[in-house]
Every structure is written in C-alpha cells, then in structure tokens.
Amino acid sequence: MLILNKTAQVFSNPSKRKIYEYLRSFNFHPGKVFLHKLVLGIETSCDDTAAAVVDETGNVLGEAIHSQTEVHLKTGGIIPPVAQQLHRENIQRIVQEALSVARRLSLIKHPECSTMSGGKAIEHLAKQGNKLHFDFKPPMQRAKNCDFSFTGLQHIIDKTILRKEKEEGIEKGQILSSAADIAAAVQHTTACHIAKRTHRAILFCKQRDLLSQSNAVLVVSGGVASNLYIRKALEIVANATQCTLLCPPPKLCTDNGIMIAWNGIERLRAGLGILYDTEGIRYEPKCPLGIDISKEVGEAAIKVPRLKMEI
C-alpha cells in the first residue's frame with residue numbers, strides 16, 4: 001500500500017509500473033502478505049522532506065527527515081521554487097532511509113539542526129523576556145468571526161523594531177537589547193489571537209449542536225502546536241469550554257512523514273480513497289478541508305467571554 005500526498009511536483013507523472021519498480025528496489029512488494037498492513041507516508045507540503053513507514057497498529061517502523069531550514073535561513077525565508085528543488089534532490093534518499101529503517105524494525109532519531117527555525121527561536125527567546133514590556137494589540141478584535149490574520153500585527157512589530165533600532169543607534173540586523181521582550185510580547189499576542197478565534201469557533205459549534213456540550217475534544221496539531229506557550233493558551237480555552245485538549249508530541253507537530261502515514265492508516269481502515277491503480281491520478285496542491293461556513297460564523301457575531309491568559 002502506497003499513500004502519496006502532495007508529491008505531484010516531485011514525482012512527475014508517476015505510473016503504476018514506476019511506483020512498483022521503486023518499491024521493489026527496497027524489497028517491498030505490493031501484494032506481499034505482512035502480519036500488519038503498512039503505509040508509507042511522504043511529506044513535502046512545505047520546507048522539509050520527510051517519510052515514514054507505519055503499520056496499522058500505530059507502530060512507527062521507520063522515519064527519515066531532511067530539514068531545509070539552513071538553506072531558507074540564508075535566503076531570508078521560504079522560497080517555493082527553492083523548496084521544490086530541494087524536495088526533488090532529497091526525496092529518493094529520504095524514502096530509502098525510511099524504508100531501510102523499517103526493514104530493520106527500528107526507530108530513527110530526528111536529525112538535530114545547529115540552527116533554529118524562526119518560530120522556535122522566538123519561543124526560546126521569549127522565555128527570557130517580559131511580555132508586558134510592549135503592548136501589542138491582538139489583530140481583528142472588532143471582527144466577530146474565526147478568521148486569523150497577522151498582517152497588521154507584523155506591520156506594528158516592524159515599526160516597533162525600526163523605532164527601537166533608531167533609539168539604540170544600531171544598524172538593521174543587529175540584536176536589540178529588548179529583543180527578548182519583543183519576542184515575549186509577540187508570542188503572547190499571537191497566542192491570545194489564536195485562543196480567542198478558537199474559543200469563538202467552539203462556542204459557535206456548540207450553539208449549532210455540531211459539538212457535544214460536555215465531552216468535546218479539541219485537537220491541536222501542526223507547527224502551531226509545537227509552541228508550548230500557545231498550547232497553554234488553548235488549554236485555558238479548552239477548560240473554559242469543557243473540552244479536552246489533545247496535542248501530539250512536539251516532535252510530531254512539525255513536518256514529518258508519520259502524520260501522513262497515519263492519515264493513510266485511518267483511510268485504509270475506513271476504506272476511503274484507497275487506489276490500487278495509480279494511472280490517471282490527479283493531484284490537488286490546494287485541497288479544501290471541508291465546507292466553508294465562515295459566512296455563517298460571521299453572521300452569528302458571537303461575543304467571546306474574556307479569559308485570563310495567565311501563562
């Protein structure tokens with residue numbers, strides 16, 4: 001069983017024969033009987049190339065990740081064509097590593113990077129700062145919907161940094177004495193924005209009987225969930241709304257092949273979207289997650305109770 005996700009621009013026009021030949025090169029034969037069904041998950045959605053082999057009981061049999069962070073730090077951010085080319089250069093090796101590890105039935109440790117990503121650096125620096133030193137207002141406070149937007153906040157932060165650079169008489173790019181305080185204030189404001197939007201979403205869903213009133217579950221995953229400060233803010237929301245907060249381990253919140261493989265396991269169990277003939281597969285780089293009800297949410301204009309974000 002092979003689950004491919006968002007790899008259209010990496011594997012160009014994959015045919016059934018090519019995929020089978022690729023798997024055979026690693027001694028994995030479609031149709032061979034295993035004790036448990038296996039899924040190969042491939043993650044190429046953003047700036048890391050990752051692959052993992054997971055069986056239907058949830059055991060991670062093999063995992064490999066190639067981080068692009070060092071390259072993107074040099075270019076000042078993620079440039080899609082550069083990320084795409086790095087995926088092409090590394091995907092075959094990463095899949096081979098994941099499959100090789102799976103054959104040995106052992107886990108692979110995540111490779112450690114000598115540098116941090118922007119989000120991780122802010123979280124680390126914020127621990128040393130005072131979040132109250134700068135008063136950044138959460139975005140879109142008057143909009144009673146669940147939309148997220150950080151454009152206005154980013155503009156205010158940029159202006160603040162420029163002002164502080166002039167005050168301290170330093171050149172652009174040098175470290176401000178108040179860098180830790182800015183990081184702490186930015187992280188706190190971001191967490192409050194995410195928490196309030198999530199709070200309104202839960203209230204809306206409960207109002208429309210889309211969620212249970214007493215034992216609903218709030219699942220937070222992805223890169224945002226790797227920030228423990230934001231997790232605590234969402235835990236406050238979950239407690240206030242009688243929800244249970246579930247988050248994966250931090251190492252499984254960033255780009256990895258395990259989450260893709262597990263999605264494949266869930267679909268395999270449910271018999272949904274399983275293709276045995278790979279000819280004519282159509283890939284969608286931007287696939288909708290469900291029905292858009294944002295207009296209804298805005299029209300409901302739910303007022304969110306103020307919560308004390310004591311984190």
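Select Gly222 to start: this glycine sits in the loop between β4 (216-219) and α7 (228-240). The model on screen is a predicted one. With a relative accessibility of 24%, Gly222 counts as partly exposed. Now add Thr254 to the selection and draw a distance between the two C-alpha atoms. Gly222 and Thr254 are 32 residues apart in sequence, yet their C-alpha atoms are 5.7 Å apart in space.

**The cysteines**

Next, select Cys253 and Cys247 and show their side chains. How far is the sulfur of Cys247 from the closest cysteine sulfur? The distance is 6.6 Å, to Cys253, and that is too far for a bond. Starting from Cys253 gives the matching result, since its closest cysteine sulfur is in Cys247, at 6.6 Å, again too far for a bond. A disulfide would need the two sulfur atoms within 2.5 Å, and by this rule the count is zero disulfides.

Switch on a surface to look at their surroundings. Are Cys247 and Cys253 buried, partly exposed or exposed? Cys253 has 2% relative accessibility and therefore counts as buried. Cys247, at 27%, counts as partly exposed.

**The sheet**

Hide the surface, return to the cartoon view and select residues 38-43, 48-55 and 60-67. These are the three strands of an open sheet, ordered β1-β2-β3, with antiparallel pairing. β1 (38-43) and β3 (60-67) are the edge strands; each has a single partner strand, so one side of each has no neighbour in the sheet. From one strand to the next, the twist averages 5°.

Zoom in on the first pair. β1 and β2 run antiparallel and are joined by six bridges. Select Glu43 to find one of its contacts across the pair: the bridge partner of Glu43 in β2 is Ala50. Then move to the other pair, where β2 (residues 48-55) and β3 are antiparallel over seven bridges. Here, select Ala52, which stands opposite Glu63 in β3.

Go back to β1 and show its side chains. How many of the six residues of β1 are buried? Six of the six are, so the strand is mostly covered. Leu38, Leu40 and Ile42 point one way from the strand, while Val39, Gly41 and Glu43 point the other way, and all are buried.

Now add residues 257-270 to the view. This is helix α8, which lies across β1, β2 and β3 and runs at about 135° to β1.

**Helix α5**

Select residues 151-168, which make up helix α5. At 1.5 Å a residue, its 18 residues should span 26 Å, and the end C-alpha atoms are 26 Å apart, which agrees. Colour Leu153, Ile157, Thr160, Lys164 and Glu165: these residues of α5 are buried. Turn the view to look down the helix axis. The buried residues fall within an arc of 135°, so they line one face of α5.

What covers that buried set? The cover includes α6 (179-207), so add this helix to the view. 

Rotate to the other side of α5 and select Thr151, His155, Lys159 and Lys166, which are exposed. The last stop is the residue after the helix: α5 is followed by Gly169, whose phi is positive, near 65°.

Methods
Residues numbered from 1 in each chain as written. Predicted model: local features only at pLDDT ≥ 70, side-chain atom pairs only at ≥ 80, totals over all residues. Heavy atoms only, no water. Pairing = 2+ DSSP bridges. Helix = DSSP H or I, 4+ residues; strand = E, 2+ residues; numbered from the N terminus. Axes fitted to C-alpha atoms, helices over the stretch in contact; angles between N-to-C directions. Contact = heavy atoms within 4.5 Å. Expected span 1.5 Å × (residues − 1). Buried < 20%, exposed > 50% of the residue type's maximum accessible area, 1.4 Å probe, protein only. Arc of directions from axis to C-beta.
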